[in-house]
Amino acid sequence: MITDMKDAKIFQPLQLGRTTLKNRIAMAPMSMHYEATNGTVPKQLADIFVRRAEGGAGYVVIDAVTVDHKYWYIGKTTALDKDSLVPQFKRFATRVKDAGSELIPQIIHPGPESICAMKGITPIGPSINTNANGDVSRPATIKEIQKIIKQYGKAARRAEEAGCGGIALHAAHAYMLPGAFLSPLRNKRMDEYGGTIDNRARLILEIIEECRKNVSEDFPIILRISGSERIEGGNSLEEMLYLAPKFEAAGVNMLEVSGGVQYEDMQDIIPSHSKKIGRNVYEASEIKKVVNIPVFVVGKINDIRYAADIVERGLVDGVSLGRPLLADPDLPNKARENRFDDITPCASCGGRCVTPKDPQHPVCQCHINPLVGHEYDYPFNPVDTPKNVLVVGAGPGGMYAAVIAAERGHHVTVWEKNCQVGGQLALAVVTPGKQEMCKWLSHLTYRANKAGVTFEFNKEATVDDIKEFAPDAVIVATGARPFVPPFIKGLTDYPVTTTHDILSRKVTVPKGTVCILGGGEVACETAEMLMTDARPASFVKTGSIGDVEVTLVEMMPQLMTNVCLPNRNVLMDSLHRSGVKSYVNAKVLEVTDHDVKIQYTTDGREEWLRGFDHIVVGMGSRNYDPFSEELKKFVPEVRVIGDAVRTGLASKALHEGYFAGYEI
């Protein structure tokens with residue numbers, strides 16, 4: 001058992017070739033979408049990595065540095081495909097090194113995943129493959145393969161010339177060119193690069209050997225692999241146990257073990273709140289037994305004490321953290337000082353780090369850390385003149401506002417009408433798999449108490465009460481209320497039950513048939529919770545309880561539009577297993593006490609769905625702001641945040657709360 005993290009193995013140095021890592025914590029590669037179209041590293045992107053270096057990461061990996069800008073990976077792709085890019089990359093590597101860490105570029109050829117079709121260029125892959133945009137790749141020729149291998153070697157040389165601490169190669173997830181060649185799910189070739197496991201591995205082995213030829217003997221090469229692709233027909237752990245020693249013999253200095261397959265199994269590549277911690281630890285620990293080089297593991301290592309434990313027990317040599325370092329760039333330093341409560345926690349929510357706010361202009365953000373992409377834009381200085389600040393509402397936005405205002409030196413009081421913090425997040429976390437999101441409010445409560453915030457619970461604010469309190473500033477964080485559409489005939493003729501009523505357990509459904517009007521994330525999570533709460537094996541005098549059937553009615557073409565894919569995939573699987581029925585492209589026209597009339601938006605056909613015991617409204621929420629305009633008449637500074645302005649994700653409330661507290 002670790003009693004002092006300063007003595008933990010995870011904080012001991014690790015030698016990789018000529019590079020000495022100060023600890024065994026890496027920043028995993030993630031697509032940030034702050035890249036430049038010309039392949040360079042903009043300051044805004046570099047700042048993200050430099051900040052994590054300052055926070056104590058042993059090394060940081062910049063994602064997807066292409067060897068051929070002709071085959072661009074995303075709209076903006078970092079590159080090391082020509083010598084002219086070395087000087088700016090050297091400045092980047094120097095900043096990281098000066099901050100106490102090492103820069104490792106992840107060298108890639110996107111292969112089938114390239115979006116070069118947008119320029120009229122057909123992507124290349126091992127075989128005919130389809131990417132996320134529906135573009136179909138063609139099989140790479142032997143001549144093209146040989147050229148690409150040479151391109152990898154030249155990119156590795158440029159990385160060394162730029163002063164990087166090593167390079168990383170990506171051969172996991174049946175993804176990008178090496179990963180696609182390695183996987184039988186993608187590789188259907190019938191030449192020396194296809195068929196047998198050794199042939200499928202030939203490309204990555206030749207890439208490793210070419211990189212090794214082009215760099216110094218002691219320049220580190222790290223290889224990312226899937227310990228198991230976890231899909232029938234994909235590479236298994238047994239195949240990776242066979243290949244791992246071959247990778248070592250080819251010149252790899254370290255293996256980083258991930259898992260899963262892009263497209264079919266994203267929830268294992270980016271394990272979100274429904275997946276267990278340490279998703280790939282078992283595979284990594286088994287691979288470690290067959291090689292003589294360090295093995296790191298990546299994949300939902302979102303608790304540093306757990307990370308330290310698996311290293312201490314010798315299961316792995318180190319950990320790669322992605323999203324947890326977005327949430328708190330100072331995580332390693334805080335952990336080394338045993339300041340665990342001070343770590344801003346990653347809840348593996350699959351939020352703005354995975355699902356961009358604006359798909360047309362995607363950038364990486366974080367629900368709980370609004371400074372991702374703005375690392376040095378908002379210096380945290382104490383206020384000159386403390387104010388008496390009243391925050392109305394202790395949901396995520398109100399809590400963050402209270403914390404930031406108090407930490408800057410204001411005197412902060414929070415009024416909350418309920419008996420606990422949480423707001424709508426308190427409803428979200430009751431559904432299966434989302435308990436981890438409790439971490440956010442637990443952390444903010446800790447910080448609020450540490451900063452001296454005063455809480456008054458069961459206190460519903462009124463204009464008169466606020467006037468009597470006489471604050472210098474008020475932050476209105478009153479949230480939202482369920483929306484009951486008045487235009488649906490008959491809906492308000494009967495007592496209305498909402499998804500909020502179900503999630504709060506105000507209304508329980510011991511048995512019967514349920515129709516949920518709506519098919520968004522909250523409606524689907526309510527359906528899942530109803531099925532999870534079912535108790536078909538429990539009996540009372542009146543018969544079995546828990547025989548529950550649920551039907552969802554959604555106007556959009558699919559359920560949970562715009563929900564993060566790893567989360568959506570898991571929830572859809574759960575609904576299917578539970579037998580939840582759904583109608584999509586279905587507009588609700590009329591409701592009676594037991595029946596629902598729908599109209600299909602595809603052809604205008606109408607249909608009655610009959611015989612429901614319970615009808616539940618899950619059509620979203622509407623903002624609730626009962627008094628901000630009135631408050632402006634006598635309060636010097638009034639700010640309205642979160643759902644009280646406009647409903648949205650928790651990230652919206654958290655970010656607006658942070659900046660409200662910062663700007664007062």
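Buried means under 20% relative accessible area. The close-ups below come from a predicted model.

**View 1. A salt bridge joins E637 and K387.** At 17% relative accessibility, E637 falls under the 20% limit, so E637 counts as buried. K387 is partly exposed, because its relative accessible area is 27%. The closest N and O atoms of the two residues are 3.0 Å apart. This pair links distant parts of the chain. E637 belongs to strand 29, residues 637–640. K387 lies in the loop between helix 12 (331–336) and strand 13 (388–392). In sequence, 250 residues separate the partners.

**View 2. R158 and D83 meet through their side chains.** Their salt bridge spans 2.7 Å, N to O. Here too the pair links distant parts of the chain, 75 residues apart. R158 sits in helix 3, residues 142–161. D83 is placed in the loop between strand 4 and helix 2. R158 has a relative accessible area of 7%, so R158 is buried. D83 reaches 43% relative accessibility and therefore counts as partly exposed.

**View 3. K652 and E656 pair within helix 21.** The helix covers residues 650–663. The two residues are separated by about one helical turn, because they are 4 residues apart in this helix. They form a salt bridge, with the closest N and O atoms 3.2 Å apart. K652 is buried, with a relative accessible area of 14%. E656 is partly exposed, at 27%. Elsewhere, salt bridges that share partners join D83, R157, R158 and E161 into one network. Side chains of opposite charge can pair when their charged atoms come close. The count for this model comes to 46 salt bridges.

**View 4. Four lysines gather in a patch of positive charge on the surface.** The members are K70, K143, K147 and K154. K70 is found in the loop between strand 4 (59–66) and helix 2 (86–98). K70 has 43% relative accessibility, so K70 counts as partly exposed.

**View 5. G260 is buried in a loop.** Which elements flank this loop? Strand 10 (254–258) comes on one side and helix 8 (266–269) on the other. The relative accessible area of G260 is 0%, so G260 counts as buried. E229 is 31 residues away from G260 along the chain. In space, the C-alpha atoms of G260 and E229 are separated by 4.2 Å.

**View 6. L530 is a buried residue of helix 18.** The helix runs over residues 521–532. L530 has a relative accessible area of 6%, so L530 is buried. T431 is 99 residues from L530 in sequence. From C-alpha to C-alpha, L530 and T431 are 9.3 Å apart.

**View 7. Residues 9–340 carry a domain annotation from UniProt.** The record, an unreviewed entry, lists this span as "domain: NADH:flavin oxidoreductase/NADH oxidase N-terminal". How far apart are the end C-alpha atoms of residues 9–340? They lie 17 Å apart. The span is 35% helix and 15% strand.

Conventions: Residues numbered from 1 in each chain as written. Predicted model: local features only at pLDDT ≥ 70, side-chain atom pairs only at ≥ 80, totals over all residues. Heavy atoms only, no water. Patch = residues over 30% accessible without salt bridge, like charges linked within 9 Å, V, L, I, M, F, W, Y side chains within 5 Å. Areas by Shrake-Rupley, 256 points an atom, 1.4 Å probe, with all protein chains shown as cover. Lys, Arg positive; Asp, Glu negative; His and termini not counted. Charge placed at Lys NZ, Arg CZ, Asp CG, Glu CD. Buried < 20%, exposed > 50% of the residue type's maximum accessible area, 1.4 Å probe, protein only. UniProt positions renumbered as here; feature names shortened; annotations may be inferred.
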